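Got your viewer ready? Here is a short tour, stop by stop, with something to select at each one.

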Amino acid sequence: MKLWKGRFSKEAAPETNDFNSSISFDSRMFKEDIEGSIAHATMLGRQGIIELAESEKIIAELKKIKQDIIDGTLTIDPDAEDIHTFIEGELTERIGQTGKRLHTARSRNDQVALDIRLTLKPEIDGLVSQLKDLVAMLASKAEEYYDTVMPGYTHLQRAQPVTFGHHLLAYCEMLLRDIDRLKDAKDRMDFCPLGSGALAGTTYPLDRELTASLLGFKGPTQNSLDGVSDRDFCAEIAFAVSLTMVHLSRFCEELVMWCSWEFKFIELDDAFSTGSSIMPQKKNPDLAELIRGKSGRVFGDLMALLTMMKGLPLAYNKDMQEDKEAVFDAVDTLKLCLTPLIPMVGTMTVLKKNMRKAAAGGFINATDCADYLVANKNVPFRDAYKITGELVALCIEKGLTLEELPLEEYQKICPEFDEGVFTAINLEKCVNDRTVLGGPAPKNVMAQAKRVQDLVKTL
């Protein structure tokens, strides 16, 4: 059935039908399409636009159609133009002329704009729930490893000592922002476009507040042109998902490095690793690598949406049929990535001794050595910085660490040094003394882990 066939004297060519069809990807919206139609039919009946008995008949049959699709007794026709056409055609076939009244005062333009919103709202809720689970998992791990010393890095070079718990909490902060962005996007799209018609509303006395309320929206959209042509929410969701994928990709990059023999900070559970077809010794972090790789796919979805919309005049244009595949793929990909990541993190083994050993190398307590001269010997920081740099060069020449370098060697470069320097450069002390808000001191980590765990319960 073609909803637009009256104007045309020829049947559409098979090539036109195939190219124009969206049933392959919009069929997932069948529940939302039926829910929207039930709300629309309810409003039409209450407003006297169609007979109340007709409204009730339409609603009853729509509910049956939905259940039949869920049960599998009704199969969505893959040759239908779109899900809207299929549902309306099935309705009309079942109840005859009354079914044709459903589309009164409605266009596919406001219908599809509604369906996408109805579909994405619970999808966002699902993503937020998964992200909350991941944040809670990371915060729990941070609490467990609140005092596990490891090297912090800049430029992928060992820089200063932190704790593993502190490192994990950094990702909690990123993911909490991601949750906020997704919830903000949902909040901004929580308005019902139904009643906007094709672009200019309708002359029928619609109650748009009623349909918005029946469908769980905060209210109706305020401009009919914008109501049918707005896809900001698709791009905004795709951006929020893209940035979340950036954060997951960064974390997975570190997981890949950490479980390599070069780092060996963690070991992934066998259940979340794979092997090689030729090298029997291999244990590969394929899940982390694939999550890292899928980020590019999601970025492509975002760029597709932005590029699609950038040159479109008001109101609806067929280009906008491309919105669903892109935004659904972005959402589905993030959901797919989070599903194994959460248990993978939960089951990984943390190799604390290896982290501590790595922290002992690389002179990551050099800043603390300089700070010792500043705080205890009144040496200007720039002078202390230069003195410590010379000590590091000497250590490299002798193959020693700052802890192993004899005091007399310290004093040859700067007589101000005394035994107190060895207390100052102790890695545990270096970390414990970083009590500034946001710092990696173990007591800070414990407090921040609890803050995150309490916060995530309220989101």
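Helices here are DSSP runs of H or I, at least four residues long, and they are numbered from the N terminus. With that in hand, find V456: its place is in helix α19. Keep in mind as you click around that this is a predicted model.

**Stop 1: V456 and its surroundings**

Select V456 and show the surface. Is V456 buried or exposed? V456 is buried, since its relative accessible area is 7% and buried means under 20%. Now look for what it touches: leaving out residues up to four places away in sequence, V456 is in contact with K132, V135 and A136. Add D133 to your selection as well. D133 and V456 are 323 residues apart along the chain, yet their C-alpha atoms are separated by 8.6 Å.

**Stop 2: α6 against α19**

Next, select residues 108-144, which make up α6, together with 442-458, which is α19. A pair like this calls for two numbers: packed helices are described by the angle between their axes and the distance between the axes. The axes of α6 and α19 come within 9 Å and cross at roughly 160°. That angle makes α6 roughly antiparallel to α19, because angles over 145 degrees count that way. The crossing is left-handed.

Show the side chains where these two helices meet. On the α6 side, pick K132, V135, A136, A139, S140, A142 and E143. Facing them from α19 are V445, M446, A449, V452, Q453 and V456. Colour them by class and you should find 9 nonpolar, 2 polar and 2 charged residues in this contact.

**Stop 3: α11 against α12**

Hide those and select 286-309 for α11 and 322-347 for α12. How do their axes cross? They cross at roughly 160° and come within 9 Å, so α11 and α12 are roughly antiparallel to each other. α11 passes α12 in a left-handed crossing.

For the contact itself, light up residues of α11 including L287, I291, V298 and L305, and residues of α12 including A326, A330, L336 and M344. By class, the contact of α11 with α12 has 14 nonpolar, 1 polar and 6 charged residues.

Before moving on, zoom into the loop between α11 and α12, where you will find A315. A cis peptide bond joins L314 and A315, with omega at about 5°. That is worth a look, because most peptide bonds are trans.

**Stop 4: the big core**

Time to go inside. In soluble globular proteins, nonpolar side chains tend to be buried together. Here the largest nonpolar core has 72 residues, and those with the most contacts inside it are L120, F164, L248 and I266. Helices α6, α7, α10, α11, α12, α13 and α19 each supply at least two residues of this core. Which helix gives the largest share of this core? That is α10, with 13 residues.

Centre the view on L120. Not counting residues up to four places away in sequence, L120 touches M189, F233, C234, I237, V327, F328 and V331. Apart from this core lies another one, of 26 residues, among them L74, I76, I87 and A105.

**Stop 5: two loops with an unusual phi**

Most residues other than glycine have a negative phi, so the next two deserve a click. Start with H155, in the loop between β1 and β2. H155 has a positive phi of about 60° although it is not a glycine. H155 is also exposed, with a relative accessible area of 76%.

Then jump to N378, in the loop between α14 and α15. Phi of N378 is near 60°, a positive value too, and N378 is exposed, at 69% relative accessible area.

**Stop 6: G195 and V162**

Select G195, in the loop between β3 and α8. G195 counts as buried, at 10% relative accessibility. Beyond its sequence neighbours within four places, G195 is in contact with D110, G201, L206 and R208.

Finish at V162, in strand β2, which is buried with a relative accessible area of 15%. Setting aside neighbours within four places in sequence, its contacts are T148, V149, M150, P151, G152, V431 and P440. For a last bit of distance practice, draw a line from V162 to I237: their C-alpha atoms are separated by 34 Å.

Terms used. Residues numbered from 1 in each chain as written. Predicted model: local features only at pLDDT ≥ 70, side-chain atom pairs only at ≥ 80, totals over all residues. Heavy atoms only, no water. Core = buried A, V, L, I, M, F, W, Y, C linked by side-chain atoms within 4.5 Å. Buried < 20%, exposed > 50% of the residue type's maximum accessible area, 1.4 Å probe, protein only. Contact = heavy atoms within 4.5 Å. Axes fitted to C-alpha atoms, helices over the stretch in contact; angles between N-to-C directions. Parallel < 35°, antiparallel > 145°, perpendicular 65-115°, else oblique. Left-handed = near helix turned anticlockwise from the far one by under 90°. Nonpolar A, V, L, I, M, F, W, Y, C, P; charged D, E, K, R; others polar.
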